[in-house]
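Welcome! Please take a moment to look over the sequence and the 3D structure before you pick up a pencil.

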Amino acid sequence: MATITCVTENTARTGSRFWGEHGLAFCIETDQGCVMFDTGQTGAVLLHNLALLGKTLHDIDAVVLSHAHDDHTGGLPVVLAQRLGLPLYASPDIECPRYSRKDDRYRYIGMPLSLTALAQLADLRLSADPVEVLPGVWTTGEIHTRPEPEGRSASHFVPDGEGWRPDPYQDDLSMVVETGAGLVVVLGCCHAGLLNTLAHVTCVFGRQPIAVLGGTHLISAAGMALQHVIDVLQETYPTLRLYPNHCTGLHAYVALAGVLGDNVQPYPAGTTLHFA
Ligand SMILES: [Fe+2]
Ligand SMILES: [Fe+2]
């Protein structure tokens, strides 16, 4: 049995006292423990929503970061202030500083703590390969094979010598949970691309996932690109259940639900999914 709770998301469950913010955090729980996947943008929202769920940071056995962007890592200082030495998993590329460009100005949107600080505050475990964080709870590792569209933003850059280059999103990883019902994939921002991530999981774990949750970054996909993703989902993963949120965008969510019907469900903060 695994339960996956959306702790922080752009939206909150209707009629609830959960707070929403542009960010993402999940608690992945099994009989073996609890993994926090991403920390949202702020510690305040993370702590508020955890309290409503009847949890504290002392219930967490490890943290995994999907990538460096601050809407996924902003809560980290609060987490580590309460849980010094907590195991912390991420891609080695998380060290690379990330920026967002607007009107020729570059704004820092990367990790809130340097790698040196992280190494002092956490039990830092960086790996480009899949890692089993708890029995049956894995990172995907970095996703290098990307023949399908990536989840890109035209405003995301990394420093390159004296200049800049588009963010390669090498750090992007997702989670895979082995449940009695099958493999469940949990996405952060999915900058590596939804179809690339699903294909990577199928290849590495030897079977297709039964469900995918989290940010699909289809917010920047439009027209033919979005239709292509939906066509492949329909043809290759016909029974896949989707709980898209965060950077999916309303347009893509409606398009997915319009074709895939009840296999697409919302997943706002405060929602717990059970996989027997
Ligand atoms: Fe994000
Ligand atoms: Fe991101």
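Below are some exercises on this predicted model, each with a worked solution.

**Exercise 1: The overall build**

Task: Find how many helices and strands the protein chain has, and work out how compact the chain is for its length.

Solution:
- Step 1. Start with the secondary structure: the protein chain has 7 helices and 17 strands.
- Step 2. Next, compare two values: the radius of gyration is 17 Å, and the globule rule gives 19 Å for 276 residues. These are close, so the chain is as compact as a globular protein of that length.
- Step 3. For the outer dimensions, a box along the principal axes that holds the C-alpha atoms comes to roughly 50 × 45 × 40 Å.
- Step 4. Now look at the contacts with a separation of 6 or more: 71% of them are between residues 24 or more positions apart.

**Exercise 2: Inside and outside**

Task: State what share of the residues is buried, and describe the exposed surface and the charges of the protein chain.

Solution:
- Step 1. Of the 276 residues, 54% count as buried.
- Step 2. The chain exposes about 11400 Å², and 52% of that area comes from carbon and sulfur atoms.
- Step 3. There are 15 positive and 28 negative charges, and their mean positions lie 5 Å apart.

**Exercise 3: A helix and its cover**

Task: Which residues of helix α1 are buried, and what covers them?

Solution:
- Step 1. Helix α1 spans residues 43-52, and its buried residues are Gly43, Val45, Leu46, His48, Asn49 and Leu50.
- Step 2. A general rule helps in reading such a list: an α-helix has 3.6 residues a turn, so residues three or four places apart point the same way.
- Step 3. Among the elements that cover the buried residues of α1 are the strands β1 (2-8), β2 (25-30) and β3 (33-37), together with helix α3 (76-82).
- Step 4. Moving on past the helix, α1 is followed by glycine 54, which has a positive phi near 75 degrees.

**Exercise 4: Valine 35**

Task: Decide whether valine 35 is buried or exposed, and list what it touches.

Solution:
- Step 1. Locate valine 35 in strand β3.
- Step 2. Its relative accessibility is 0%, and the cut-off for buried is under 20%, so valine 35 counts as buried.
- Step 3. Setting aside residues up to four places away in sequence, valine 35 touches Phe26, Cys27, Ile28, Ala62, Val64, Val133, Leu134, Val137 and Met175.

**Exercise 5: Aromatic pairs**

Task: How many aromatic pairs does the whole structure hold, and which parts of the chain do two of them link?

Solution:
- Step 1. The search finds 8 aromatic pairs.
- Step 2. One of them joins phenylalanine 26 and tyrosine 267, with 5.8 Å from centre to centre and 25 degrees between the planes. Planes under 30 degrees apart count as stacked, so this pair is stacked.
- Step 3. Phenylalanine 26 sits in strand β2, while tyrosine 267 sits in the loop between α7 (250-260) and β17 (271-275); the two are 241 residues apart. Both phenylalanine 26 and tyrosine 267 are buried.
- Step 4. Tyrosine 106 and tryptophan 164 form another stacked pair, at 3.8 Å centre to centre and 0 degrees between the planes. This pair links strand β7 (residues 105-108) to strand β12 (residues 163-166), and its partners are 58 residues apart.
- Step 5. Tyrosine 106 is partly exposed at 27% relative accessibility, and tryptophan 164 is partly exposed at 35%.
- Step 6. Ring pairs also join Tyr99, Tyr106, Tyr108, Phe157 and Trp164 into a cluster.

**Exercise 6: Positive phi outside glycine**

Task: Where are aspartate 103 and cysteine 190, and is each one buried or exposed?

Solution:
- Step 1. Recall the background: most residues other than glycine have a negative phi.
- Step 2. Aspartate 103 has a positive phi, near 50 degrees, and lies in the loop between β6 (99-102) and β7. With a relative accessibility of 69%, aspartate 103 counts as exposed.
- Step 3. Cysteine 190 has a positive phi near 55 degrees, and its loop runs between β14 (182-187) and α5 (194-205). At 1% relative accessibility, cysteine 190 counts as buried.

Notes: Residues numbered from 1 in each chain as written. Chains lettered and ligands numbered in written order. Predicted model: local features only at pLDDT ≥ 70, side-chain atom pairs only at ≥ 80, totals over all residues. Heavy atoms only, no water. Helix = DSSP H or I, 4+ residues; strand = E, 2+ residues; numbered from the N terminus. Rg over C-alpha atoms; globule rule 2.2 N^0.38 Å. Buried < 20%, exposed > 50% of the residue type's maximum accessible area, 1.4 Å probe, protein only. Contact = heavy atoms within 4.5 Å. Areas by Shrake-Rupley, 256 points an atom, 1.4 Å probe, with all protein chains shown as cover. Lys, Arg positive; Asp, Glu negative; His and termini not counted. Charge placed at Lys NZ, Arg CZ, Asp CG, Glu CD. Phe/Tyr/Trp six-rings, centres within 6.5 Å; stacked < 30°, edge-to-face > 60°.
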